[in-house]
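Hi,

Here is the structure I said I would pass on. Could you have a look at it before we talk? My notes follow below.

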Amino acid sequence: MIRPRRLRKNKLIRELVRDIHLNKENLIQPIFVKEGLKEKTEIKSFNGIYHHSIDSILYEVEELLEKGITKLLLFGLPSSKDDQVLNAISEDSIVNKTIREIKNRFKDDVYLISDVCLCAYTTHGHCGVLENGRINNDKSLKLLKEISLSNALSGVDMIAPSDMMDKRASVIRKALDKKGFVDTSIMSYSVKYNSSFYGPFRGAQDSHPKNGDRASYQMDYRYSKDAIIETLLDIKEGSDIVMVKPAMAYLDVISKIKEKINLPLAAYQVSGEYLMLKNAVKNNIMNKNVYMESLTGIKRAGADIIITYFAKELFSE
Ligand code: PBG
């Protein structure tokens, strides 16, 4: 008789047959640095996540490394907005300064990734150049390229373009190679949906678009065919890693892409997904195991790498 419960009889047999393992080596922790801050400040309505000053981020990185969280995704918030995004491109932008500080201090003990986008830097809060109410794709590419080059020059290990402009991976790859940054890698936000789950992040990064929404560049979750198209394009354009975002509501997309590609696949458990679970636990609606369960589900769906705000917390014990 087949009795599946035999393999669930006790802890040891359950352990023996398990085949989905979450390793901290495969996790990426997002971190936020804000220009003009003197010390770290908890971000309102982003339970447990902080804006750092350049000083406090160094302590944070040290703590993360001690816990074995060694891959970090850096987001910057400038003190003033500028549609030409010199606040992102200049050598002294908050992100470029932070990259230099972190890499000078921790060298290759940390793998540092910069999120490259315009939305936290522009007055209008869109991810591209806004012209007469529309996003100009190719003008946006120039700025994304300049930000990427400046981050590479500061010593970042990997560029993660999150803007969703067409052709950005190839433009960034070519520019990096031309300047000799042949080892600076690219993780593209390949399949990025126009999602309400980014709400807490946009609050934190002051990046809600002032007018309109991101529907003309981020993907429509009611349309399923462009997930593969976007992924294959990013691979062809030279991305080293591709990504699906958000994660929990898009596990089918992760699985589908996993079957089609032979490159590392990342999934981003985004701010709204994190916060739903945090708030449920805070209000005693669920217990903390739900964090690990959610991440294991993302892994089981096919993600090799997970970007998650839980990375530090889960490996604290
Ligand atoms: C920037 C960017 C966003 C996120 C990562 N990079 C927000 C957006 O596209 O509006 C979302 C991350 C999160 O919600 O945790 N374009």
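Let me begin with a backbone oddity: Lys-107 sits in the loop between helix 4 (94-106) and strand 5 (111-116). Helices (H or I, at least four residues) and strands (E, at least two) are DSSP runs, numbered from the N terminus. Lys-107 isn't a glycine, yet has a positive phi of about 50°. The other oddity is a cis peptide bond between Lys-245 and Pro-246, with omega about -10°. Pro-246 is in the loop between strand 10 (241-245) and helix 9 (251-260). I flag these two because most residues other than glycine have a negative phi, and most peptide bonds are trans.

Before the rest, some ground rules. This is a predicted model, so local features need pLDDT of at least 70 and side-chain atom pairs count only at pLDDT 80 or more, while totals for chains, interfaces and linings use all residues. Residues are numbered from 1 along each chain as its sequence is written, and side-chain values use heavy atoms, with hydrogens and water left out.

Now the ligand. Where does the ligand sit? In the largest cavity, where "sits in" asks for more than half of its atoms within 2 Å of the grid points. A cavity is a set of points, on a 1 Å grid over the protein atoms alone, where a 1.4 Å probe fits but cannot get out; a pocket is an open set with protein on both sides within 12 Å along at least five of seven lines; lining residues have an atom within 4 Å of a point.

The shell around the ligand has 19 residues, and Lys-192, Arg-202, Lys-245, Ser-271 and Tyr-309 come nearest (near: a heavy atom within 4 Å). Strand 9 (185-192) and helix 7 (199-205) are the elements that give two or more residues to this shell. By class, the shell has 11 nonpolar, 3 polar and 5 charged residues (nonpolar: Ala, Val, Leu, Ile, Met, Phe, Trp, Tyr, Cys and Pro; charged: Asp, Glu, Lys and Arg; polar: the others, Gly among them).

For polar contacts (N or O pairs within 3.5 Å), I have these side-chain partners:
- Lys-192, 2.6 Å from a ligand oxygen
- Ser-162, 3.3 Å from a ligand nitrogen
- Lys-245, 3.5 Å from a ligand nitrogen

The protein covers 100% of the 400 Å² of accessible area that the ligand has on its own (Shrake-Rupley, 1.4 Å probe).

As for the cavities, there are 3 of 30 Å³ or more, and the largest holds about 240 Å³ (volume: the space filled by probe spheres set on the points, with points joined across faces, edges and corners). The largest cavity has 25 lining residues, with Phe-75, Asp-115, Cys-119, Ser-162 and Phe-201 nearest its centre. Strand 4 (71-77), strand 9 and helix 7 each supply at least two residues of that lining.

Then the pockets. The largest one is about 230 Å³ and has 15 lining residues, of which Gln-29, Gly-48, Ile-49, Glu-60 and Lys-312 lie nearest the centre. Which element gives the largest share of that lining? Strand 1, with 4 residues. The lining splits into 7 nonpolar, 3 polar and 5 charged residues. The second largest pocket comes to about 150 Å³, and its lining includes Arg-134, Met-164, Asp-166 and Tyr-217.

Cheers

Terms used: Polar contact = N/O pair within 3.5 Å; in protein donor to acceptor, adjacent residues only side chain to side chain.
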